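Student: I should like to work through this protein model step by step. Could we begin with a helix and then turn to the sheet and the core?

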Amino acid sequence: MRVFEMLEDGIDQCFPPNRFDRTVIFGNTASGKSWLSKRLGEELSVRVVDLDQIRWVDGDYSRKENTLVAIAKTRKEAERDQWVIEGVYGWLVSPIIDRVTCVIWTDIPWSESRENLLERELARGSSGNFVELEEWSSGYWDRKSQSSYNAHLSIYNDFIGPKYRLSCMRETSEFIARMRAFERR
């Protein structure tokens with residue numbers, strides 16, 4: 001059986017690959033969730049689901065999907081045997097948490113998130129709502145919704161399986177680098 005050696009809470013541990021079969025990645029906007037989920041999906045050869053594609057109708061960020069429909073779609077994705085699901089929406093993560101085998105929280109500082117957000121919007125040619133998105137993202141630590149720091153902290157603390165809290169983009173990159181290094185052995 002192949003195992004991944006990872007660093008969790010400063011302690012080297014070995015994890016069988018099935019621990020990553022159904023991984024949820026959450027965090028603030030532009031905290032590296034999409035970057036990490038894409039690479040993790042490639043490393044594990046599993047499907048990656050971006051919750052933005054469920055939350056917003058046809059990729060139109062001005063049209064929210066009905067809440068019950070979004071939850072049903074998320075649950076449908078979670079019925080699969082293997083996946084990485086990523087997003088800021090704690091209210092979409094909570095209904096599937098019983099299917100999750102691993103949690104990753106990209107808990108990076110606002111300065112890094114803001115830099116990532118600016119780079120992303122410039123690369124996209126800016127969607128025209130940068131100021132609004134920046135304002136919403138900067139409120140992550142103060143919001144009272146299920147897409148806030150406190151909601152993510154609660155999901156993270158309550159989860160009893162393997163979990164990782166990545167506190168900067170360097171740690172996020174190192175997480176994937178350790179997986180790749182192990183596979184080359």
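**Questions on a predicted model**

Tutor: The model is a predicted one. In helix α5, the residues that are buried are Ser113, Asn116, Leu117 and Glu121.

Student: Around the axis of α5, how wide an arc do these residues cover?

Tutor: The buried residues are placed on the same side of α5, because the arc around the axis is a narrow one. The arc covered is only 130 degrees.

Student: Which residues are exposed on the other side of α5?

Tutor: Exposed means over 50% relative accessible area. On the other side of α5, the residues that meet this condition are Ser111, Leu122 and Ala123.

Student: What distance does α5 reach from its first C-alpha to its last?

Tutor: Helix α5 covers residues 110-124, which is 15 residues. At 1.5 Å a residue, a span of 21 Å is expected, and the model comes close to it. From the first C-alpha to the last, the helix reaches 21 Å.

Student: In what order do the five strands of the open sheet stand?

Tutor: Strands of a sheet pair through backbone hydrogen bonds, either parallel or antiparallel. In this sheet the pairing is parallel. The order of the strands is β4-β5-β3-β6-β7.

Student: Which strands stand at the edges of the sheet?

Tutor: An edge strand has a single partner strand, so one side of it is left without a neighbour in the sheet. The strands in this position are β4 and β7.

Student: How many degrees does the twist average from one strand to the next?

Tutor: The twist is taken from one strand to the next and then averaged. The value is 15 degrees.

Student: How many bridges join strand β3 to β6?

Tutor: Strand β3 covers residues 22-27 and runs parallel to β6. One pair of bridge partners is valine 24 and, in β6, valine 103. The number of bridges joining β3 to β6 is five.

Student: In β7, which residue stands opposite threonine 106?

Tutor: Strand β7, residues 163-166, pairs with β6 in the parallel sense over four bridges. Tryptophan 105 stands opposite arginine 165 in β7. Opposite threonine 106 stands leucine 166.

Student: How many of the residues of β6 are buried?

Tutor: Both faces of the strand are covered. On one side Cys102, Ile104 and Thr106 are buried, and on the other Val103 and Trp105 are buried. The strand spans residues 102-106, and the number buried is five of its five residues.

Student: Which strands does helix α7 touch where it packs on the sheet?

Tutor: The direction of α7 makes about 145 degrees with that of β7. Helix α3 also meets strands: it lies across β3, β4 and β5, running at about 150 degrees to β5. The strands touched by α7 are β3, β6 and β7.

Student: How many residues does the largest nonpolar core have?

Tutor: Among the residues with the most contacts inside this core are Val24, Phe26, Trp83 and Tyr89. Elements that each supply at least two of its residues include β3, α3, β5 and α7. Another core, of 14 residues, lies apart from it, with Phe20 and Ile176 among its members. The largest core has 25 residues.

Student: In which loop does alanine 30 lie, and is alanine 30 buried or exposed?

Tutor: Most residues other than glycine have a negative phi. Alanine 30 has a positive value, near 65 degrees. The loop in question is that between β3 and α1. With a relative accessible area of 9%, under the cut-off of 20%, alanine 30 is buried.

Student: Is serine 45 buried or exposed?

Tutor: Serine 45 is found in the loop between α1 and β4. Phi of serine 45 is also positive, near 55 degrees. Because its relative accessibility is 63%, serine 45 counts as exposed.

Student: How far apart in space are valine 57 and alanine 70, C-alpha to C-alpha?

Tutor: Valine 57 is found in the loop between α2 and α3, and is buried at 16% relative accessible area. In sequence, valine 57 and alanine 70 are 13 residues apart. In space, their C-alpha atoms are 9.7 Å apart.

Student: What percentage of the residues in the protein chain is buried?

Tutor: The protein chain has eight helices and seven strands. Of its 185 residues, the buried share is 48%.

Note on methods: Residues numbered from 1 in each chain as written. Predicted model: local features only at pLDDT ≥ 70, side-chain atom pairs only at ≥ 80, totals over all residues. Heavy atoms only, no water. Buried < 20%, exposed > 50% of the residue type's maximum accessible area, 1.4 Å probe, protein only. Pairing = 2+ DSSP bridges. Core = buried A, V, L, I, M, F, W, Y, C linked by side-chain atoms within 4.5 Å. Expected span 1.5 Å × (residues − 1). Arc of directions from axis to C-beta. Axes fitted to C-alpha atoms, helices over the stretch in contact; angles between N-to-C directions. Contact = heavy atoms within 4.5 Å.
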